[in-house]
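This report introduces a protein structure to a reader who has not met it before. The sequence and the model are shown first, and the description follows.

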Amino acid sequence: MVCERLNWRRPDGGLKDMSCRVALLRMQNDGLFSLPLARRAKVAAYVENTDIESAVDWPLIVPEVDLGRLAVEIVAKKRDSLLWNAYIWRHHYLGHQLMPGAQLRYFVREEGEVVALLAFGASAWTIKPRDDYIGWNPEQRQRNLHLVVNNARFLILPWIRRQNLASKALAIVSRRLADDWQQRYCYRPVLIETFIEDGRFRGTCYQAANWRCLGKTQGRGKLDRAKRRAVPVKSVWVYPLVAAFRRHLCS
């Protein structure tokens, strides 16, 4: 109802109900009003599925990976979604978290076997190195932020040891991301961003895939407007999907 009253819609015309829910909860936390009690319990970030868990165990035989035979697959079916979640929950150091809003998740397979997983979702509200690099003002950022997507998860399965696999996976997914996003959400992103935790990773595969490091975050968190240092400092990396990305973002 709030979205309809405010005409708060996604670029494809659908209501931005998830963003609205987040906004309402944050406004309640700020003491602006009290919402009715939830009718259902909060959805858990991850629920184990006995039919899936065994599929994400370490294999008895580690496959050889041929980079020339990599195939990319969008997560679309329910079982594939459960499988993707289980891999991330079990093997990614950040675990699995629900991603609201527009998003795409991918498997990278070789001869049918999963070797890597990626996820893309909503970009950070404000990041100084990125915003300085784009050169937009606050009004332009608010209007065009949906054209920037965030590489929220990237996992090479821990038993896979293949030189250049990470940069190759990034490259082939990045080449098709705009088309896939257009098909699902009816608009094309023009820039990808990601954040790499200092001291844990160096960003070598992003550099090899022609991403650009812009600087470091202030340790504040993706949606933090209260200027609280609550998360590790990370380096900021971007990858333009079109040459004229600044023209699109600053229009």
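The model is predicted. On its surface, Tyr-93, Leu-94 and Phe-201 form a nonpolar patch, and together these residues have about 280 Å² of accessible area. Phe-201 belongs to the loop between β5 (191–197) and α8 (204–208). With a relative accessible area of 46%, Phe-201 is partly exposed.

## The sheet

The strands are arranged in an open sheet: 7 strands follow the order β1-β2-β3-β4-β5-β7-β6, and their pairing is mixed. At the edges are β1 (70–74) and β6 (212–216), each of which pairs on one side only. On average, and with direction ignored, neighbouring strands of this sheet are turned by 30 degrees against each other. In general, the strands of a sheet pair through backbone hydrogen bonds, in either a parallel or an antiparallel manner.

Both arrangements can be followed along this sheet. Strand β2 (residues 104–110) is joined to β3 by 7 bridges, and the two strands run antiparallel. Within this pairing, Tyr-106 stands opposite Leu-118 in β3. Strand β3 (residues 113–122) is in turn joined to β4 by 7 bridges, again with an antiparallel course. Here Phe-120 stands opposite Asn-151 in β4.

Strand β4 (residues 148–156) is mostly covered, as 7 of its 9 residues are buried. β4 and β5 pair in the parallel sense over 3 bridges. One position in this pairing is Val-148, whose bridge partner in β5 is Leu-191. Between these two strands, the chain crosses from β4 through helix α7 (residues 165–185) to β5, in a β-α-β crossover that is right-handed.

## Salt bridges

Across the whole structure, a search finds 13 salt bridges. Three of the pairs are set out below, with the distance between N and O atoms.

| Pair | N to O distance |
|---|---|
| Asp-66 and Arg-69 | 3.7 Å |
| Arg-109 and Glu-73 | 2.9 Å |
| Asp-180 and Arg-176 | 2.7 Å |

In the pair of Asp-66 and Arg-69, whose side chains meet in a salt bridge, Asp-66 has 35% relative accessibility and counts as partly exposed. Arg-69, at 48% relative accessibility, also counts as partly exposed.

Arg-109 and Glu-73 likewise meet through their side chains. This pair links distant parts of the chain, since Arg-109 is in strand β2 and Glu-73 is in strand β1, 36 residues apart. Arg-109 has a relative accessible area of 17%, and because buried means under 20%, this residue counts as buried. Glu-73, by contrast, counts as partly exposed at 25% relative accessibility.

The salt bridge between Asp-180 and Arg-176 lies within helix α7, where the two residues are 4 residues apart and therefore separated by about one helical turn. Asp-180 is buried, with a relative accessible area of 8%, whereas Arg-176 is partly exposed at 27%. Elsewhere, Arg-130, Asp-131, Arg-141 and Glu-193 are joined into one network by salt bridges that share partners.

## Summary

The model thus shows an open sheet of 7 strands with mixed pairing, in which β4 is mostly covered. A right-handed crossover through helix α7 leads from β4 to β5. Tyr-93, Leu-94 and Phe-201 form a nonpolar patch on the surface, and 13 salt bridges are found in the whole structure.

Conventions: Residues are numbered from 1 along each chain as its sequence is written. This is a predicted model: local features need pLDDT of at least 70, side-chain atom pairs count only at pLDDT 80 or more; totals for chains, interfaces and linings use all residues. Side-chain values use heavy atoms; hydrogens and water are left out. Patches are made of residues with over 30% relative accessible area and no salt bridge: like charges are joined within 9 Å, nonpolar side chains (Val, Leu, Ile, Met, Phe, Trp, Tyr) within 5 Å. Accessible areas come from the Shrake-Rupley method with a 1.4 Å probe; for residues, only the protein chains shown count as cover. A salt bridge is a side-chain nitrogen of Lys or Arg within 4 Å of a carboxyl oxygen of Asp or Glu. Buried means under 20% relative accessible area, exposed over 50%, partly exposed in between (1.4 Å probe, protein chains only). Two strands pair if DSSP finds at least two bridges between them. A crossover is right-handed if, with the strands pointing away from the viewer, the path from the first strand over the helix to the second runs clockwise. Axes are lines fitted to C-alpha atoms, for helices over the stretch in contact, and angles run from 0 to 180 degrees between N-to-C directions.
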